[in-house]
Amino acid sequence: MSLSTAPTAKLTLLNKLSCAIFGNVYNPQGIRTGNKILRQRLVGPTVNSYYPNVKQIKLREITRMAPEMNLIDQEEKTRLEDLSERKKRGKGPPKKGQGRRSTLKKK
């Protein structure tokens with residue numbers, strides 16, 4: 001055993017032993033392991049606790065529960081009106097079986 005290899009072997013053994021004692025990861029080549037990121041606290045629970053867990057009740061659910069109230073959804077009403085206007089102009093969706101794919105087969 002030469003003099004130059006003996007101290008390096010002892011140093012690596014000492015480094016390995018100190019890593020085992022203090023709970024560090026032994027990494028003699030210095031390769032990136034991602035330990036820094038894995039040790040960090042998780043962000044997900046903090047973000048979830050910031051926003052309140054409140055369920056939004058929609059008008060459709062209220063009308064299903066109490067149909068005797070005769071509530072009208074203005075957004076749905078305007079959507080249906082716009083759809084009927086488009087159908088009058090010929091811009092609505094095609095009837096079932098008369099779409100683009102069926103016209104391709106006929107040619």
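**Salt bridges**

I began by counting the salt bridges in this predicted model, and the structure holds 3 of them. I kept in mind that side chains of opposite charge can pair when their charged atoms come close.

I looked up Lys55 first and found that its partner is Glu61, with the closest N and O atoms 3.7 Å apart. I then checked how open the two residues are: Lys55 counts as exposed because its relative accessibility is 62%, whereas Glu61, at 25%, counts as partly exposed.

Next I turned to Glu76, whose side chain meets that of Arg60 in a salt bridge with an N to O distance of 3.8 Å. Glu76 belongs to helix 5 (residues 74-89) and Arg60 to helix 4 (residues 59-65), so this pair ties together parts that lie 16 residues apart in sequence. I noted Glu76 as partly exposed, with a relative accessible area of 24%, and Arg60 as partly exposed too, with 48%.

Which residue forms a salt bridge with Glu76 at 3.0 Å between the closest N and O atoms? I found that it is Arg79. Arg79 and Glu76 are 3 residues apart in helix 5, so about one helical turn separates them. For Arg79 I wrote down a relative accessibility of 43%, which makes this residue partly exposed. Since I had now met Glu76 in two pairs, I followed the shared partners and recorded that Arg60, Glu76 and Arg79 are joined by salt bridges into one network.

**Charges over the whole protein**

I then stepped back from single pairs to the charges of the protein, which number 24 positive and 8 negative. I looked up where the two sets lie on average, and their mean positions are 20 Å apart.

**Helices and overall form**

What secondary structure does the protein have? I counted 6 helices and 0 strands, and reading along the sequence I wrote the pattern as α-α-α-α-α-α.

For the overall form I looked up the radius of gyration, which is 35 Å for the protein, while a compact globule of 107 residues would come near 13 Å. I also noted that the C-alpha atoms fill a box of roughly 95 × 55 × 20 Å when this is taken along the principal axes.

I next asked how much of the protein is covered, and found that buried residues make up 3% of the 107 residues. The exposed area comes to about 11,000 Å², and carbon and sulfur atoms supply 58% of it.

**A nonpolar patch**

Staying with the surface, I looked for a nonpolar patch and found one of about 490 Å², made by Val43, Val47, Tyr50 and Tyr51. I picked out Tyr50 for a closer look: this residue lies in helix 3 (residues 44-50), and at 66% relative accessibility Tyr50 counts as exposed, the cut-off for that word being over 50%.

**Distances across the chain**

I finished with three pairs of residues, comparing their place in sequence with their place in space. My first pair was Asn35 and Asn24, which are 11 residues apart in sequence and 9.9 Å apart in space, C-alpha to C-alpha. I placed Asn35 in helix 2 (residues 35-39) and noted it as partly exposed, with a relative accessibility of 24%.

My second pair was Gly97 and Pro28, separated by 69 residues in sequence and by 69 Å in space, again from C-alpha to C-alpha. I located Gly97 in the loop between helix 5 and helix 6 (100-106), where this glycine is exposed, with a relative accessible area of 60%.

My third pair was Glu68 and Lys16, which are 52 residues apart along the chain and have C-alpha atoms separated by 77 Å. Is Glu68 buried or exposed? I found that Glu68 counts as exposed, at 63% relative accessibility, and that its place is in the loop between helix 4 and helix 5.

Note on methods:
Residues are numbered from 1 along each chain as its sequence is written. This is a predicted model: local features need pLDDT of at least 70, side-chain atom pairs count only at pLDDT 80 or more; totals for chains, interfaces and linings use all residues. Side-chain values use heavy atoms; hydrogens and water are left out. Patches are made of residues with over 30% relative accessible area and no salt bridge: like charges are joined within 9 Å, nonpolar side chains (Val, Leu, Ile, Met, Phe, Trp, Tyr) within 5 Å. Accessible areas come from the Shrake-Rupley method with a 1.4 Å probe; for residues, only the protein chains shown count as cover. A salt bridge is a side-chain nitrogen of Lys or Arg within 4 Å of a carboxyl oxygen of Asp or Glu. Helices (H or I, at least four residues) and strands (E, at least two) are DSSP runs, numbered from the N terminus. Buried means under 20% relative accessible area, exposed over 50%, partly exposed in between (1.4 Å probe, protein chains only). The radius of gyration is taken over C-alpha atoms; the globule rule is 2.2 Å times the number of residues to the power 0.38. Lys and Arg count as positive and Asp and Glu as negative; His and the chain ends are not counted. The place of a charge is taken as NZ of Lys, CZ of Arg, CG of Asp or CD of Glu.
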